[in-house]
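Grab a coffee and work through these exercises with the structure open beside you. Each one sets a task and then walks through a solution.

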Amino acid sequence: MQTFEIRKNEAGQRFDKYLRKLLSEAPASFIYKMLRKKNIVLNGKRADGSEKLKESDEVKLFLSEETFARFASPVLKSSGSGSSQTMEDYPYRPLDIVYEDEDILIINKPSGMLSQKAKADDISANEYIIGYLLHQHAIEQEDLATFVPSVCNRLDRNTSGLLIAGKSLKGLQDMAKQLGNRQVEKYYSCLVKGRVKEPAVIEGWLCKEEESNQVRIFEKEQPDSRYIRTGYAPISCYRKGTTKNGKSCLQKAGEQDFSGDAELFTLLEVHLITGRSHQIRAHLASIGHPIVGDPRYGDKKVNHWFFHHFQIQNQMLHASRMKFADGREFHAPPGREFARVLEASLIYIKN
């Protein structure tokens, strides 16, 4: 006989869904047969699998050791044998933690890191978050058999900023509901080509080309297109300048630059009203303000200048702020590349 107690991060799911994770190598027909024959019981009583699990519920499996070993999740098998496979799959590295409670974790993701795997051998923020939780003993290896923490929102590999993960099933479900209902307001900082004079809200239709993994923006609805809405407000305007030491920098633009032929750049705060793939990058590029450093939708000449003078290799786009419906608000400072450009301009202005 095998006995399992439902933990906080497993509560809230259907019993049969939990069993399909616990006995991941077994066909569904076997699980439902064991339920009917009372070889699997919940809190000592017969169950049909539709029950919603609560914390501290007791699950008993009246299965032989051989049968359980045959059908059990590989995670349980590896933890029972002392294998280090799970720890290798979820490596530990220090994370920039913005907020953490029993149900969710918010990190400031660096640019260059995937949010989730694109290929089987990728190591993404999701794996690093699980590695962190294992390292902190917030979860144990055997817990991964029936619940795997996961990120709730996505950022492009080269976009830095606030990334939410569900530590428990409740956390995942609550965040999925809030994000799906657009109850979480998401704001980004970005540096774009050109002068943006006034705040605005722009609309359009986005089509994704799967083969190229790029999107196109249209003014009118197209077949397979999705409606998008993006708000933005200018924060500061800059032009290319030179420090007293002769180094290139961004200088705060003045009135004389607006009427001349100076090459201008604007720091924006963008409100992502709808959340589509590459929305901010493609939408701003479509109105003539591509993001600095963007390899897909950016200006090659601008990107080359910033790479040469500031070693910028990623788009200057950062998920900087989130506002939750309950009044909580979270902020994340920009990453090293973004900060390097802004700090250079601040040093110049102070001098």
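**Exercise 1. Work out how much accessible surface the protein has, and what share of that surface belongs to carbon and sulfur atoms.**

Step 1: This is a predicted model, so treat every value here as computed from it. The accessible surface adds up to about 18,200 Å².

Step 2: Carbon and sulfur atoms hold 46% of that surface.

Step 3: Now look at the residues themselves. The protein has 351 of them, and 47% are buried.

**Exercise 2. Sketch the overall build: secondary structure, box and contacts.**

Step 1: Count the elements. You should get 11 helices and 15 strands.

Step 2: Put a box around the C-alpha atoms along the principal axes; that box is roughly 85 × 45 × 40 Å.

Step 3: Take the contacts with a separation of 6 or more. Of these, 67% join residues 24 or more positions apart.

Step 4: Add the charges. There are 52 positive and 46 negative side chains, and the centres of the two sets sit 2 Å apart.

**Exercise 3. Find the largest pocket and say which residues are closest to its centre.**

Step 1: Start with the volume: the largest pocket holds about 1,200 Å³ of space.

Step 2: Its lining is made up of 40 residues, and those closest to the centre are Arg154, Asp156, Arg276, Ser277 and His278.

Step 3: Next, ask which elements give two or more residues to the lining. They are helices α7 (169–180) and α9 (279–286), plus strands β8 (185–193), β9 (200–209) and β13 (264–272).

**Exercise 4. Decide how well helix α6 is covered, then zoom in on Leu133.**

Step 1: Helix α6 spans residues 125–135, and 10 of its 11 residues are buried. Among them are Ala125, Asn126, Glu127 and Tyr128.

Step 2: Leu133 sits in this helix. Its relative accessible area is 0%, and the cut-off for buried is under 20%, so Leu133 counts as buried.

Step 3: Check what Leu133 touches, skipping residues up to four places away in sequence. You'll find Glu100, Ala138, Ile139, Pro149 and Lys167.

Step 4: For a distance check, go from Leu133 to Thr146. They are 13 residues apart along the chain, with 15 Å between their C-alpha atoms.

Step 5: Carry on past the end of α6 to His137, where phi is positive, near 60 degrees.

**Exercise 5. Is Leu342 buried or exposed, and what is Leu342 in contact with?**

Step 1: Locate Leu342 in helix α11, residues 336–350.

Step 2: Compare its relative accessibility of 18% with the cut-off of under 20%; Leu342 therefore counts as buried.

Step 3: Leave aside neighbours within four places in sequence, and Leu342 is in contact with Tyr238 and Leu267.

Step 4: Now try Asp96. It is 246 residues from Leu342 along the chain, and their C-alpha atoms are separated by 20 Å.

**Exercise 6. Track down two residues that have a positive phi although they are not glycines.**

Step 1: Try the loop between α7 and β8, where you'll find Arg182. Its phi is positive, about 55 degrees.

Step 2: Move to the loop between β9 and β10 (214–218), which holds Asn213. Here too phi is positive, at about 55 degrees.

Step 3: Finish with the accessibility of Asn213. Its relative accessible area is 30%, and partly exposed runs between 20% and 50%, so Asn213 is partly exposed.

Key
Residues are numbered from 1 along each chain as its sequence is written. This is a predicted model: local features need pLDDT of at least 70, side-chain atom pairs count only at pLDDT 80 or more; totals for chains, interfaces and linings use all residues. Side-chain values use heavy atoms; hydrogens and water are left out. Helices (H or I, at least four residues) and strands (E, at least two) are DSSP runs, numbered from the N terminus. Buried means under 20% relative accessible area, exposed over 50%, partly exposed in between (1.4 Å probe, protein chains only). Contact means heavy atoms within 4.5 Å. Accessible areas come from the Shrake-Rupley method with a 1.4 Å probe; for residues, only the protein chains shown count as cover. Lys and Arg count as positive and Asp and Glu as negative; His and the chain ends are not counted. The place of a charge is taken as NZ of Lys, CZ of Arg, CG of Asp or CD of Glu. On a 1 Å grid over the protein atoms alone, a cavity is a set of points where a 1.4 Å probe fits but cannot get out, and a pocket is an open set with protein on both sides within 12 Å along at least five of seven lines; lining residues have an atom within 4 Å of a point. Grid points are joined across faces, edges and corners, and a volume is the space filled by probe spheres set on the points.
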